[in-house]
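Welcome! Take a moment to look over the sequence and turn the 3D view around, and then we will walk through some of its features together.

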Amino acid sequence: MLLEFKFKNWLSFYGETEFTMMATRERDPFERLATDNAFTGRVLPLTAIYGYNASGKTNFIEAIFFLKRLVLTKDDKTNLQPFAFVNSERQIPSYFYIKFLTNTNVYEYEIELDTDKILYEKLSSLGKTTKNVLFERKENVLTDLSKEYTNDEKTRLSVVMQGTASSQSFLNNTYSQQVKLFKEAYEWFSNGLIIIGPNTNFFEPNTNADSYEDFNMLLKNLDISNSEYIRKPIDADSLNFVPQFLSSLNRQLKDGDSMCISQSVNVRKVNNKLEFSSVRIRHKNLDNHDSTTELDLTTESDGTKRLYELRPVLRDLLLKNSDITFIVDELDRSLHPLLVRHLIELFNQCCNRDIRRQLIFTCHDSSLLDQELMRRDSYWIISKDFYGESKMQRITNLKQGKRTDKSIRNAYMSGELGVVPSFIKIN
């Protein structure tokens, strides 16, 4: 679970921005909050982020995605995108901090960098009253290691540090070198944090599923019952892929892995062989309900495609007890407002003190600004000032947002929360 996230000097954010999934003292509805013996406090399972167009909502999501990519991949450069509207000589390093819960352990991970290299990196594990620094790095030197490590482990880590590129995270290289000391923290980034953008094409994570039975059942619960998703095998020869591309896929995929390689074609590796398939949608025929017609997903409406993109989110949030934090940019894109509301209501019904699933999303649908649907401390606002700098605030930290007798939707739409375009006149 994501607990806290901080960053500075990234895209439209210059000063330090703080985001938290820790609940405030507000009590209702109390029973949805996650609790655990590993830390003190209660964690929100659900958060919505609002803001006018070009305010910085996507840039916030991109900050988390950048940190994830920095942990999971190795590049020749850091690929950092700092705040652009300052003189180059006044440019400060960028900083990212994340606090998260995996199983029963709480970790803090922080990293400071510029466009060329990583300047500082640190991973710690937290107890209720203790903090154990697992490693600390300043540029290409390890300055601190946990006292719990053996001499052999410390020696191995020092060797791995010597082979870590200046633009590569130490967390990434230790995992690549099969050092298991930080495996749990690394795998939270790879398996426990999933980010979906507004234009993610037919998102398909690794899965061994042979059918869409769960998704079809979910669609019926959403009153979308006139169509059925099916998996259709494809002969690899009919795709006319060049041998080099097939060899590359074979190297990328482990046995059991799958990926989407085009808008309508998926591939998975089974018993070390590549199997190709496409998703088809089976519709009942008007003149004979016992017969059907199959259509390619690319022929369907934007809303149908968006539901398919969100399939893993809907499945894991509503049907499976998976410990995943989903971050979705523009959750409401191409979806009916009542459908989005119903999805949130279904997720709320799944939430309790033992849940470890989270949904963080941006949207524009003001009807979701409803304290009957979500806790008041579950809403955040992003705005941008005259100089192009984005600011992020929790609604309950704003004067009008603290009033429990005040409709947060009305306050948002009237501009009282500070997020309003210039063409709206405030009386």
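Let's begin with one small pairing: leucine 101 has valine 106, in strand 5, as its bridge partner. Keep in mind that this is a predicted model. From this starting point we can visit the strands around it, then a pocket, the nonpolar cores and some salt bridges.

**Strands 4, 5 and 6**

- Strand 4 and strand 5 run antiparallel and are joined by 9 bridges.
- These two strands make a hairpin with 2 residues between them, and asparagine 103 in the turn has a positive phi of about 55°.
- On to the next pair: strand 5 also pairs with strand 6 (residues 118–126), again in the antiparallel sense, over 8 bridges.
- Strand 5 and strand 6 form a hairpin too, with 4 residues between them.
- One pairing to find here is glutamate 108 with its bridge partner in strand 6, serine 124.
- Is strand 5 mostly covered or mostly open? It is mostly covered, since 7 of the 9 residues in strand 5 (residues 105–113) are buried.
- As a general point, side chains in a regular strand alternate between the two faces of the sheet.

**A pocket by the turn residue**

- The second largest pocket has a volume of about 220 Å³.
- Its lining includes Leu101 and Asn103, which you have already met, along with others such as Met1, Trp188, Asp323 and Arg356.
- Two elements give two or more residues to this lining: strand 4 (94–102) and helix 4 (183–192).
- Helix 4 provides the largest share of the lining, with 4 residues.
- By type, the lining residues of this pocket divide into 3 nonpolar, 4 polar and 5 charged.

**The nonpolar cores**

- The largest nonpolar core has 113 residues, and those with the most contacts inside it are Phe5, Phe60, Phe96, Tyr109 and Phe361.
- Helix 1 (residues 57–72) gives the largest share of this core, 8 residues.
- There is also a second, separate core of 5 residues, among them Leu249, Leu253, Val265 and Phe276.

**Salt bridges**

- How many salt bridges does a search of the whole structure find? The search finds 19.
- Glutamate 108 appears again here, in a salt bridge with lysine 131 whose closest N and O atoms are 3.1 Å apart.
- Because glutamate 108 lies in strand 5 and lysine 131 in strand 7 (residues 131–138), this pair ties together parts that are 23 residues apart in sequence.
- Glutamate 108 counts as buried at 12% relative accessibility, whereas lysine 131 is partly exposed at 45%.
- Arginine 231 and glutamate 275 form another salt bridge, with their closest N and O atoms 3.7 Å apart.
- That pair links distant parts of the chain, 44 residues apart, with arginine 231 in strand 10 (residues 227–234) and glutamate 275 in strand 13 (residues 273–284).
- Arginine 231 is partly exposed at 22% relative accessibility, and glutamate 275 is partly exposed at 31%.
- Glutamate 309 and arginine 306 also meet in a salt bridge, at 3.0 Å from N to O.
- Both belong to helix 7 (residues 302–309), and being 3 residues apart they are separated by about one helical turn.
- Glutamate 309 is buried, with a relative accessible area of 5%, and arginine 306 is buried as well, at 0%.
- Finally, Glu228, Lys232, Arg282 and Glu294 are linked in a network of salt bridges.

Definitions and conventions. Residues are numbered from 1 along each chain as its sequence is written. This is a predicted model: local features need pLDDT of at least 70, side-chain atom pairs count only at pLDDT 80 or more; totals for chains, interfaces and linings use all residues. Side-chain values use heavy atoms; hydrogens and water are left out. A nonpolar core is a set of buried Ala, Val, Leu, Ile, Met, Phe, Trp, Tyr and Cys residues joined through side-chain atoms within 4.5 Å. Buried means under 20% relative accessible area, exposed over 50%, partly exposed in between (1.4 Å probe, protein chains only). On a 1 Å grid over the protein atoms alone, a cavity is a set of points where a 1.4 Å probe fits but cannot get out, and a pocket is an open set with protein on both sides within 12 Å along at least five of seven lines; lining residues have an atom within 4 Å of a point. Grid points are joined across faces, edges and corners, and a volume is the space filled by probe spheres set on the points. Ala, Val, Leu, Ile, Met, Phe, Trp, Tyr, Cys and Pro count as nonpolar, Asp, Glu, Lys and Arg as charged, and the others, Gly among them, as polar. Two strands pair if DSSP finds at least two bridges between them. A salt bridge is a side-chain nitrogen of Lys or Arg within 4 Å of a carboxyl oxygen of Asp or Glu.
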